[in-house]
Amino acid sequence: MSEKVNYSDLITVIITTYNRFESTKKAVHSVIKQTYTPVEIIVVEDGTDSGIETWLKENNLNQIKYIKHDKNKGLSASRNTGWKNAKGNYIAFLDDDDIWKPEKLSKQMEYLYSFDSEKLNKLGVLYCGNEIHYSDGRICKRTSFTNIGNLKNCIIKYGANTVPSACIFPRKVLEDVSGYDENLVSSVDHDMWMKLAVAGYDADVLNDPLVICKAPVVGKTMMTSVEPRIKGLKQYVEKWLPVYREWFGRKNGNAYGEKYFAWVISMLASERIVNGDLCGGFKAVKEIFSFSKQYLYNIYIISKLVIKKILSVKIPINIKNIIHSFIKSR
């Protein structure tokens, strides 16, 4: 059994869930097994009756605080409910379909404690890598990192690059940027990245894959409905368009927003097409060309992401990395 690592700062881990009983149990167990202490655990259930509250009681997990919304309010509201009820100086979010390796928090906090005061004061978020696993445990993909240092500069150069369930935020930072935007229904992680960037914060990363995510299963719907996703993304782009124009100039700012929309909706289109939902996929493609006037980029990104999605189904990781590197270099 791994030895516990005890530091002075309390971390509050917030597991947000919406009707995922079995996967939420695995997420909870992965937090209980963390080698870092002290940890406070909060489960926020977003308006469903999955049975997780009963399971926590039946297993005497009384150290875990359970909070339930009276109705479905969305991911942003669930995360805000969690951190606003937290006692920790640092807040770590875990999605209900992901799990952590036992050393996740201890490695991140050991790295964080190496920061000097100047670096710590600029820190908006510390994240780590993840591994995407097939159902049989084989590794499908590992994350690469581009957002390190001043987030504004990173986003301008590389775009926002977030990693699910990997982030630790200083509580004071979440307070400074007023948490997550509950009016948004899409791109809430990228929205937080933008908030941190505008506020002048840095991002740092521990280059270890400490989060395990599930690979999409062909034939199963893994993303939200096409229409709400498109509507939500338009809302996000329109929110940040004034900032894009400030950073890039009006023309280039408009182009940046359109390319961002094309990139995200191309991921949705590729998911739908590969899963056999051609109607949903082509509807997404149509929306890309309706919203984005960057026609050559639209064609390029749609083709690239459809090919990558096809290749991601089940190919050994060493071969896949070679193919992805070739595609990335084009």
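How exposed is Arg20, in terms of relative accessibility? At 39% relative accessibility, Arg20 counts as partly exposed, and the points below take up this residue again after a general description of the chain, which is a predicted model.

1. Overall composition. The chain holds 13 helices and ten strands, and of its 330 residues 51% count as buried. Among the contacts in the chain with a separation of 6 or more, 77% are accounted for by residues 24 or more positions apart. The structure holds 19 salt bridges, some of which are described under points 2 to 4.

2. Arg20 and its partners. Arg20 forms a salt bridge with Asp97, in which the closest N and O atoms are 3.3 Å apart. Because Arg20 lies in the loop between β1 and α1 (21–32), while Asp97 lies in the loop between β4 (90–95) and β5 (99–100), the pair ties together parts that are 77 residues apart in sequence. Asp97, with a relative accessible area of 27%, is partly exposed, as Arg20 is at 39% relative accessibility. The pair also belongs to a network, in which salt bridges that share partners join Arg20, Asp96 and Asp97.

3. Lys107 and Asp208. A salt bridge is formed by Lys107 with Asp208, the closest N and O atoms being 3.7 Å apart. This pair links distant parts of the chain, since Lys107 belongs to helix α4 (residues 104–112) and Asp208 to strand β10 (residues 202–214), 101 residues apart. Lys107 counts as partly exposed at 32% relative accessibility, and Asp208 is partly exposed with a relative accessible area of 26%.

4. Lys283 and Glu227. The side chains of these two residues meet in a salt bridge of 2.6 Å, N to O. The pair links distant parts of the chain, with Lys283 in helix α11 and Glu227 in helix α9, 56 residues apart. Lys283 counts as partly exposed at 34% relative accessibility, and Glu227 likewise counts as partly exposed at 44%.

5. Helix α11. The 14 residues of helix α11 (residues 278–291) should span 20 Å at 1.5 Å a residue, and the end C-alpha atoms of the helix are 20 Å apart, which agrees. Gly280, Gly281, Ala284, Val285 and Ile288 are the residues of α11 listed as buried. Seen down the axis of α11, the buried residues fall within an arc of 140 degrees, so they line one face of the helix. As general background, an α-helix has 3.6 residues a turn, so residues three or four places apart point the same way. On the other side of α11, Cys279, Phe282 and Lys286 are exposed. The cover over the buried residues of α11 includes α9 (226–248), α10 (250–274) and α12 (295–311); α9 is also the helix that holds Glu227, the salt-bridge partner considered in point 4.

6. Helix α12. This helix, which is part of the cover over the buried residues of α11, has 17 residues and reaches 24 Å from its first C-alpha to its last, close to the 24 Å expected at 1.5 Å a residue. The buried residues of α12 include Ile301, Ile302, Leu305, Val306 and Leu311, and two lysines, Lys304 and Lys309, are also buried in this helix.

7. Asp9 in strand β1. Asp9 is found in strand β1 (residues 5–17), and deserves a separate comment. What is the nearest side chain of opposite charge to this buried residue? That side chain is Lys172, which is 10 Å away, and Asp9 has no salt bridge. A salt bridge requires a side-chain nitrogen of Lys or Arg within 4 Å of a carboxyl oxygen of Asp or Glu. The side chain of Asp9 is instead joined to that of Asn89 by a polar contact of 2.8 Å. Not counting residues up to four places away in sequence, Asp9 touches Tyr36, Pro38, Asn89, Tyr90, Met109 and Tyr113.

8. Thr12 in strand β1. Thr12 also has its place in strand β1, and at 0% relative accessibility Thr12 counts as buried. Thr12 and Ile41 are 29 residues apart in sequence, yet 5.8 Å apart in space, C-alpha to C-alpha. Leaving aside residues up to four places away in sequence, Thr12 touches Glu40, Ile42, Ala86, Lys87, Gly88, Tyr90, Ile91 and Ala92. Tyr90 is thus touched by Thr12, and Tyr90 is also among the residues that Asp9 touches.

Note on methods
Residues are numbered from 1 along each chain as its sequence is written. This is a predicted model: local features need pLDDT of at least 70, side-chain atom pairs count only at pLDDT 80 or more; totals for chains, interfaces and linings use all residues. Side-chain values use heavy atoms; hydrogens and water are left out. Helices (H or I, at least four residues) and strands (E, at least two) are DSSP runs, numbered from the N terminus. Buried means under 20% relative accessible area, exposed over 50%, partly exposed in between (1.4 Å probe, protein chains only). Lys and Arg count as positive and Asp and Glu as negative; His and the chain ends are not counted. A polar contact is a pair of N or O atoms within 3.5 Å; within protein, one must be able to donate a hydrogen and the other to accept it, and residues adjacent in sequence count only if both atoms are side-chain atoms. Contact means heavy atoms within 4.5 Å. The expected span of a helix is 1.5 Å times one less than its number of residues. The arc is that of the directions from the helix axis to the C-beta atoms.
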